[in-house]
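Reader: I've got the sequence and the fold open side by side. Can you walk me through a few spots?

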Amino acid sequence: MKTFSVLLGAALLLCSCGGTIRLADRGRSDYRIVVASDADSLTRLAAERFRTYFLRISQADLPVVTDAEAAVPREIVFGPTNRTAGDTSETETLGADGFVIYTDGPALHVTGNTSRGTLNGMYTLLENYLGCRKYSAEAEVIPQREEVALPGRIYDRQVPVIVFRDVHYRGTNDQGYIDWHKLSHDTTGGKPDWGFWCHSFGQLLPADEYFGTHPEYFALVGGSRAATQPCLSNPAVLEIVCDNLAAAMAEKPEARYWSVSTNDNFGYCQCPLCTEVDSIEGSATGSVIRFVNQVAERFPDKVISTLAYQYTRAAPKVTRPLENVNIMFCNIECNRSQPIATDSTSASFRRDMEEWAALTDNILVWDYVIQFKNLVSPFPNFHTLQPNIRYFVDNHVVAMFEQGNREVGGEFADLRAYLVSKLMWNPAADADSLTNDFLDGYYGPAGGHIKEYIDRITDNLIRSGKPLSIFGAPTDGADSYLSPENLAVYEACFDRAEAAVADRPEYLKRVRIARQPLRYAELEQTKLDPYGPHGIYVKAEDGTWKTNPEYTKKLEDFVALCKEEGVTRLSEWHTTPDEYLEMMSRISVVRQEGNLSFEKPVTLSPAPHPKYGRDADKILTNGIRGSNDYKIQWLGWDVPRFEAVVDLGSEQEIARVTATYFQALTDWIFFPKQVTFYVSADGKDYVQTGMEAQPEVNRAVAVGSRAFSSAVGRKARYVKVVTDGVGTCPPWHLGAGGKAFAFMDEIVVE
């Protein structure tokens, strides 16, 4: 692997001999800080920040002077100055971010080829040599020392092989954190050197502007034009895209990188010309890479980036990307329970990665490191972070975007952000040492107990053989690494952790937040068997089911701490803590009283989809309303029409029938367009009692439920509910032309 680890080893060897240099002793120092007389603002900032931190460490306030003053032996020199003007060999190969820290007699030098490199070196000096830490935007460790001494001989040269390092966590957007950890994004999470970032076809060929008058500019999907992707073989599309791109570049001329890439859907063009190109190139990547090369030819002074993502992940068989084309390669499908390099289920990903690496050395990897559908959920992937980054570097990856949590908080948010930041700078760093250092510094005396928890859950995951998906849920591991028995063991780790810091409020709060994922897993797993020993309900003396008070307390405590922490969402795009409380409180009440259909048999035709038919004979009449997890307490169909018949056992007076449906647009799940209700005395001759329709998809509801109902006002034994779904995803949807799902829940007969 091409890293600077060998040079770091040499630095350590040099540090071990040659005596020491004493920078400060009992609040006094003979040293001063030197910058060039024409130093830019960033170099001066590096000097002033070092002065501030050094004062906190040693109580010695070092003066900052310029190199216009005569040199003295004891100086800490930041950036190129006349002290080093005769020797440029130290800086000429450092790139934009690299630096060298070295001693020259008693003088200490920190310099980069750029002022950014000098700033990076200053923070490394603070961390690696003076013992400072910045674990999060708020959590700093600055040691207090009477004597500050360094090895007499230092030569530490660091040049990162990953030149673009972006960590997508809200907590990393603090400027001090960005600078300390040498990250490439800004305080908004933006990328200063980028124009469009990804999924840009919608901006370059806006459907609302062109689709109505020129549908031929857009993809032919299933025999019809859809506003999902452009038709890349249409010459007019190339001209429009280039014109709009040129206009955007004129508004942001400083940006070097511009994305020309697919929208976030599967609706690529299947017209004869696009299909012919894709056939030659081996996949739908073909028409994209040829189109992007044409754009790149028009803008030779810019880097045109395009996505290798889902249906464009495979490398083309014939066409090579031009030198100024960047490949943004995404691993959204990969299993996170094992390193990519050795995971058997990642074989196709490795093939695509290595084929792209054979074509270009300009690759940005878009990596995903959390569980997006359940942000506050156990996700034991720490053992894969370093192996995966090293695998990417071995395959010509020079830039990385680590997608964590766009919201506030999430499972071990500060630890995961810290680790990936460190490993992107140096993929050969000791990940275990980094983890232990963080846990001890961030959680204090509780750190060892939390490390025990991480080790236990990781070992249990590996032994289980279960995959770890970024779209998974804590219910996936309920029979293995997240079983009730294992959860009890993990809780004991946190009991010991809380006890260790019971008198340290700052640490205690962090430990309680770190425990939240276990609380969340327990709450989510109650939905698997609501009437069971770890469920939502307990049976009262009168035989009815009531909410378990322990469940209510866990739920309320969990939500209260989420709000105290400032958690904004529990899922990537939806579910605030208050919404979660409302939803979980709603399902905690069994709809039994006055419900004639409670625990009555149901006949379904056709059967639900095999993936979404768990307990199909019980789900619709068990009295439990579904939550926002469509895999639990919901039944799903991908057919245009299905029906459910409830047998009440005898003729009874019926006032109303209600059926509930779920919608999750990004999961291709839609409310039905029509629900029709029927009743019958004998199960043969049915009378329609009502119909409720929704002809158009309600796009305002990204995730939610809706009840469809009908008044009845007559006696009957059988109740039939006929559901007409939307059939196929509409043209505007990311799955345009694909099968749409309808999910149904409780049928309540009053």
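Author: One term before we start: a residue counts as buried under 20% relative accessible area, and as exposed over 50%. Keep in mind that this is a predicted model.

Reader: Okay, then how many residues of strand β16 are buried?

Author: Strand β16 covers residues 325-330. Val325, Ile327 and Phe329 point one way from the strand, while Asn326, Met328 and Cys330 point the other way, and all are buried. So with buried set at under 20%, the count for β16 is six of six.

Reader: Which strands does β16 pair with, and in what sense?

Author: On the β15 (residues 303-308) pairing there are five bridges, running parallel, and Ser305 stands opposite Asn326. The pairing with β17 (residues 363-368) has four bridges, with Ile363 as the bridge partner of Ile327. The partners are β15, in the parallel sense, and β17, also in the parallel sense.

Reader: What is the handedness of the crossover from β16 to β17?

Author: After β16 the chain goes through helix α10, residues 347-359, and then reaches β17. That makes a β-α-β crossover, and its hand is right-handed.

Reader: Is Asp352 buried or exposed?

Author: Asp352 sits in helix α10. Leaving aside neighbours within four places in sequence, its contacts are Arg313, Ala314 and Phe329. Its relative accessibility is 3%, and because the cut-off is under 20%, Asp352 counts as buried.

Reader: Over to the open sheet with six strands: which ones are at the edges?

Author: The order is β3-β2-β4-β6-β5-β10, with mixed pairing. From one strand to the next, the twist averages 20°. An edge strand here pairs on one side only, and that picks out β3 (64-66) and β10 (155-158).

Reader: Which residue of β6 stands opposite Tyr102?

Author: Strands β5 (residues 99-104) and β6 (residues 107-112) are joined by six bridges in the antiparallel sense. Across that pairing, Tyr102 faces His109.

Reader: Which helix packs on this sheet?

Author: Look for the helix touching β2 (32-35), β3 and β4 (75-78). Its direction makes about 170° with that of β2, and it spans residues 41-58. That's helix α2.

Reader: How do α17 and α18 pack, roughly parallel or roughly antiparallel?

Author: Helix α17 (residues 549-565) and helix α18 (residues 577-586) have axes 9 Å apart, at an angle of about 170°. Angles over 145 degrees count as roughly antiparallel. Therefore α17 and α18 are roughly antiparallel.

Reader: What kinds of residues make that contact between α17 and α18?

Author: On the α17 side the contact includes Tyr551, Leu555 and Phe558, and on the α18 side Tyr580, Leu581 and Met584 are among the residues. The full set divides into nine nonpolar, one polar and three charged.

Reader: Thr575 and Glu599 caught my eye for their positive phi. Which is buried and which is exposed?

Author: Thr575, with phi near 70°, is in the loop between α17 and α18, and Glu599, with phi near 60°, is in the loop between α18 and β21. Their relative accessible areas are 7% for Thr575 and 54% for Glu599. With the cut-offs at under 20% and over 50%, Thr575 is therefore buried and Glu599 is exposed.

Reader: Last one: what is omega for the peptide bond from Ser605 to Pro606?

Author: Pro606 lies in the loop between β21 (602-605) and β22 (635-637). The peptide bond leading into Pro606 from Ser605 is cis, with omega near -10°.

Notes:
Residues are numbered from 1 along each chain as its sequence is written. This is a predicted model: local features need pLDDT of at least 70, side-chain atom pairs count only at pLDDT 80 or more; totals for chains, interfaces and linings use all residues. Side-chain values use heavy atoms; hydrogens and water are left out. Two strands pair if DSSP finds at least two bridges between them. Helices (H or I, at least four residues) and strands (E, at least two) are DSSP runs, numbered from the N terminus. Axes are lines fitted to C-alpha atoms, for helices over the stretch in contact, and angles run from 0 to 180 degrees between N-to-C directions. Contact means heavy atoms within 4.5 Å. Angles under 35 degrees count as roughly parallel, over 145 as roughly antiparallel, 65 to 115 as roughly perpendicular and the rest as oblique. Ala, Val, Leu, Ile, Met, Phe, Trp, Tyr, Cys and Pro count as nonpolar, Asp, Glu, Lys and Arg as charged, and the others, Gly among them, as polar. Buried means under 20% relative accessible area, exposed over 50%, partly exposed in between (1.4 Å probe, protein chains only). A crossover is right-handed if, with the strands pointing away from the viewer, the path from the first strand over the helix to the second runs clockwise.
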